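Reader: I would be grateful for a close look at one part of this model, followed outward into the rest of the assembly. Please treat it in one connected account.

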Amino acid sequence: MSRYKIAIHIVPRRGLLDPQGKAVSDALHTLGFAGVRDVRVGRHLIVEADADTPDAADRLARSMCERLLANPVTEDYEIATVSQA
Amino acid sequence: MKFGIVTFPGSNGDYDAYQAVVEALGEEAVYLWHKDHDLQGADVVVLPGGFSYGDYLRAGAIARFSPIMREVVAHAERGAPVLAICNGFQIACEAGMLPGALLRNKELKFSSQFVRLRVEQSATPFTSGYQPGQLVRIPIAHGEGRYTADAATLDRLEGIGLVVFRYVDAEGGITDPANPNGSARNIAGIISERGNVLGMMPHPERAVDARLGSADGLPLFESILAGVGA
């Protein structure tokens with residue numbers, strides 16, 4: 001058993017209106033970042049958890065996302081990194 | 001008839017619901033603490049408005065795992081009535097008792113105002129006291145009330161008559177300006193397929209007496225009473 005640090009990204013599903021992302025995108029355009037095409041604002045979680053292997057830690061994190069951390073109707077999640085804590 | 005009103009940490013509509021039941025309807029009500037495992041014999045469960053668990057993670061996401069929710073879900077699975085208002089609607093969606101989700105209002109603002117609703121379905125245990133198509137004035141108070149579901153779910157809800165309330169203008173028209181939060185197809189309230197779980201963002205318990213600005217929410221409570229019986 002080792003301790004892993006798991007970084008999780010959760011963002012509003014593409015195609016759904018994300019008014020926060022839209023407001024940020026508009027502000028970036030105002031600042032002159034004319035190349036900005038889309039912004040979605042989500043959450044970044046860092047979970048520390050004990051697991052046998054990096055793969056097991058990844059599976060654990062996916063299960064957390066499906067059961068609590070992400071809303072399956074409106075959000076997509078991604079396990080960004082799994083590293084030894 | 002006995003109403004059980006759940007109090008989560010952060011609920012703020014529980015007292016209003018209690019007053020609506022006891023003072024306006026003249027029936028019995030009990031508060032159910034979120035850590036309880038017992039509905040105390042309630043015939044009807046109310047999931048009230050508020051900000052349970054500070055809306056941490058997502059509105060309703062944590063409350064759904066409160067001990068009392070196991071009993072509430074079992075109550076609904078027996079076909080018994082659950083009235084889920086505002087944050088309660090968010091919790092019911094998170095718990096899978098109703099389809100879809102409630103997202104941040106389109107304009108990013110908390111909206112506290114009277115809105116006009118059209119009763120789309122009067123053949124439910126919650127709305128039998130209204131005329132089909134009746135327009136009612138009921139207040140909203142939420143920052144995350146934009147009802148969202150995929151197109152297939154929305155089509156199914158509409159196709160089998162599960163949309164109970166819609167935001168409309170004074171003439172009953174389904175327009176964008178009448179939609180206070182950007183909800184899909186102006187949906188303000190939906191009911192479960194079995195017809196026993198009603199979720200709605202507006203607050204009928206805050207419109208049960210003309211002194212509150214409207215008594216248009218009272219028939220909803222009277223409908224429940226007529227359906228379940230005293």
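Author: **Strand β4 of chain B and its surroundings**

In strand β4 of chain B, B:Val82 and B:Ala84 point one way, B:Leu83 and B:Ile85 point the other way, and all of these residues are buried. The model is a predicted one, and what follows should be read accordingly.

Strand β4(B) has β3(B) as a partner: the two run parallel and are joined by 3 bridges. Within this pairing, B:Val45 is the residue that stands opposite B:Val82.

The strand also takes part in the nonpolar interior. B:Ala84 is listed with B:Val46 and B:Ala92 as having the most contacts inside the largest nonpolar core, which has 70 residues. B:Ala84 appears again among the contacts of B:Ala92, together with B:Leu47, B:Met97, B:Leu98, B:Val197 and B:Gly199, when residues up to four places away in sequence are left out. Another core lies apart from this one; it has 10 residues, including A:Ile6, A:Ala61, A:Leu69 and A:Tyr77.

After the strand comes a residue with an unusual label for its backbone. B:Cys86, in the loop between β4 and α3 (87-94) of chain B, has a positive phi of about 55° although it is not a glycine. B:Cys86 has 30 other C-beta atoms within 10 Å, and therefore counts as buried.

Before the strand comes helix α2 of chain B, residues 67-77, whose buried residues are B:Ile68, B:Met69, B:Glu71, B:Val72, B:His75 and B:Ala76. These residues cover an arc of only 160° around the axis, so they lie on the same side of α2(B). The face turned away from that buried side carries the exposed residues B:Pro67, B:Arg70, B:Ala74 and B:Glu77. What covers the buried residues of the helix includes β4 (82-85) itself, along with β1 (2-7), β2 (28-33), β3 (44-47) and β11 (197-200) of chain B. Just after the helix, B:Gly79 takes a positive phi of about 90°.

On the other side of the helix in sequence, the loop between β3 and α2 of chain B holds B:Leu57. The phi of B:Leu57 is near 70°, again a positive value in a residue other than glycine. Its setting is described by 17 other C-beta atoms within 10 Å; because a residue needs 20 or more to be buried, B:Leu57 is classed as partly exposed.

Another buried position belongs to helix α1 (residues 14-25) of chain B, where B:Val21 is found. B:Val21 has 26 C-beta neighbours inside 10 Å and so counts as buried. Leaving out residues up to four places away in sequence, B:Val21 touches B:Phe3, B:Glu27, B:Ala29 and B:Phe221. By contrast, the C-alpha atoms of B:Val21 and B:Phe8 are separated by 19 Å, although these residues are 13 residues apart along the chain.

These parts belong to a chain with 5 helices and 11 strands. Of the 230 residues in chain B, buried residues make up 54%. The C-alpha atoms of chain B fill a box of roughly 45 × 35 × 35 Å along the principal axes. A compact globule with 230 residues would have a radius of gyration near 17 Å, and the 16 Å of chain B agrees with this. Among contacts in chain B between residues at least 6 apart in sequence, 76% join residues at least 24 apart.

Chain A has 2 helices and 3 strands, which follow one another from the N terminus as β-α-β-α-β. The radius of gyration of chain A is 16 Å, well over the 12 Å that the globule rule gives for 85 residues, so chain A is more spread out than a compact globule. Its C-alpha atoms fill a box of roughly 50 × 25 × 15 Å, and 18% of the 85 residues of chain A count as buried.

Finally, the two chains touch each other through 9 residues from chain A and 11 residues from chain B. Helix α1 (residues 19-30) of chain A gives the most to the chain A side, with 3 residues. By class, that side has 6 nonpolar, 3 polar and no charged residues.

Terms used
Residues are numbered from 1 along each chain as its sequence is written. Chains are lettered from A and ligands numbered from 1 in the order in which they are written. This is a predicted model: local features need pLDDT of at least 70, side-chain atom pairs count only at pLDDT 80 or more; totals for chains, interfaces and linings use all residues. Helices (H or I, at least four residues) and strands (E, at least two) are DSSP runs, numbered from the N terminus. The radius of gyration is taken over C-alpha atoms; the globule rule is 2.2 Å times the number of residues to the power 0.38. A residue is buried if 20 or more other C-beta atoms lie within 10 Å of its own, exposed if 12 or fewer, and partly exposed in between; C-beta atoms are placed from the backbone. A nonpolar core is a set of buried Ala, Val, Leu, Ile, Met, Phe, Trp, Tyr and Cys residues joined through C-beta atoms within 7 Å. Two residues are in contact if their C-beta atoms, placed from the backbone, lie within 7 Å. Ala, Val, Leu, Ile, Met, Phe, Trp, Tyr, Cys and Pro count as nonpolar, Asp, Glu, Lys and Arg as charged, and the others, Gly among them, as polar. The arc is that of the directions from the helix axis to the C-beta atoms. Two strands pair if DSSP finds at least two bridges between them.
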